[in-house]
Amino acid sequence: MAADKKIARRRGAWICFQDESGVSLLPVVRATWAPKGVTPVLHHRFSWKRMSMAGVLAYRPDRNRSAFVFSMTDGAYNTDKLIEFLTELRTHFAGEKIILLWDGLMAHRSKAMTAWLATQRHWLHVERLPAYAPDLNPIEQVWGNMKSTELANLCPDTLDEVRVATEAGLTRIGSSYDLCHAFLDHTGLSL
């Protein structure tokens, strides 16, 4: 990570942590309050319909700015959808240089992704986070925060309801500089 920080400063690059997560029509059950003697009951459809989110928490090496970029899709992210997300990421950062840190998901290591990344070296440098170390990725905190706030005990009938709640939560997180940096501080990493 120290080498990545030096590269980021030298290149004037954003340090970006990327990850994917999923949500479904099944409620994210959390403790809640209820009147004494009244047990809260969640009524929901037992459905496994899913959607996925891809996100990037981005930081300037001097900590003066942060950004959160996300995208959602029905089903799961594959190589093609991730390439599309990274293309949108480049547009969001107006072609600025990026150092991307991500896990070892198969779509990150596919032949098609490797070939595409080789054509993007003028703006994108990719590093892998250590295996089995999700605690080093601050975006894991984003998913947990959103699921325990906007999605907590939500019993939606459609994926559109999940999408609206998810987008509200991710927008809330992305608009808070303090929250984005608190997630980074939680990992114990420094810029």
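# Exercises on a predicted model

In this predicted model, helix α2 is followed by Ala94, a residue with a positive phi near 50°.

## Exercise 1: Helix α2

Determine whether the span of α2 agrees or disagrees with its residue count, and establish how its buried residues are arranged.

**Solution.**

Step 1. Helix α2 comprises the 14 residues 79-92. The expected span is 1.5 Å times one less than the number of residues, so 20 Å should separate the ends of α2, and its end C-alpha atoms are indeed 20 Å apart.

Step 2. Buried residues have under 20% relative accessible area. In α2 these are Thr79, Leu82, Ile83, Phe85, Leu86 and Leu89. Viewed down the axis, they fall within an arc of 160°, and therefore line one face of the helix.

Step 3. Asp80 and Thr91, on the other side of α2, are exposed.

Step 4. The partners of the buried residues are strands β1 (14-24), β2 (50-59), β3 (66-74) and β4 (98-102), together with helices α3 (106-109) and α4 (111-118).

Step 5. At the N-terminal end, Asn78 acts as the cap of α2: one of its side-chain oxygens lies 3.2 Å from the backbone nitrogen of Asp80.

## Exercise 2: Helix α6

Carry out the corresponding analysis for α6, residues 159-174.

**Solution.**

Step 1. With 16 residues at 1.5 Å a residue, α6 should span 22 Å; the separation of its end C-alpha atoms is 22 Å, which agrees.

Step 2. Leu159, Val162, Ala165, Thr166, Gly169, Leu170 and Ile173 are the buried residues of α6. Their arc around the axis is only 130°, which places them on the same side of α6.

Step 3. Exposed residues Asp160 and Val164 are carried by the face turned away from that buried side.

Step 4. The cover over the buried residues of α6 includes β1, β2, β3, α5 and α7 (177-187).

## Exercise 3: Two arginines in one loop

Classify Arg60 and Arg63 by accessibility, and describe their settings.

**Solution.**

Step 1. Arg60 lies in the loop between β2 and β3, and Arg63 is found in the loop between β2 and β3 as well.

Step 2. Arg60 counts as buried because its relative accessibility is 14%, under the 20% cut-off. Arg63, with a relative accessible area of 27%, is partly exposed.

Step 3. The side chain of Arg60 forms a polar contact with that of Glu96 at 3.5 Å. Beyond residues up to four places away in sequence, Arg60 touches Gly12, Ala13, Trp14, Arg65, Glu96 and Leu191.

Step 4. Most residues other than glycine have a negative phi. Arg63 has a positive phi, near 65°.

## Exercise 4: Asn137

Where does Asn137 lie, and is it buried or exposed?

**Solution.**

Step 1. Asn137 occupies the loop between β5 (124-128) and α5 (139-149).

Step 2. Its relative accessible area is 3%, so Asn137 is buried.

Step 3. The Asn137 side chain reaches the backbone oxygen of Gln18 at 3.2 Å. Apart from neighbours within four places in sequence, Asn137 is in contact with Phe17, Gln18, Asp19, Leu129 and Thr187.

## Exercise 5: The largest pocket

Which element gives the most to the lining of the largest pocket?

**Solution.**

Step 1. The largest pocket has a volume of about 190 Å³. Its lining residues include Trp102, His108, Arg109, Thr114, Leu124 and Arg128.

Step 2. Elements contributing two or more residues to this lining are α3, α4 and β5.

Step 3. Strand β5 gives the most, with four residues.

How values were computed:
Residues numbered from 1 in each chain as written. Predicted model: local features only at pLDDT ≥ 70, side-chain atom pairs only at ≥ 80, totals over all residues. Heavy atoms only, no water. Buried < 20%, exposed > 50% of the residue type's maximum accessible area, 1.4 Å probe, protein only. Polar contact = N/O pair within 3.5 Å; in protein donor to acceptor, adjacent residues only side chain to side chain. Contact = heavy atoms within 4.5 Å. Arc of directions from axis to C-beta. 1 Å grid on protein atoms, 1.4 Å probe; cavity = no way out; pocket = protein on both sides within 12 Å on 5 of 7 lines; lining within 4 Å. Points joined across faces, edges and corners; volume = space filled by probe spheres on them.
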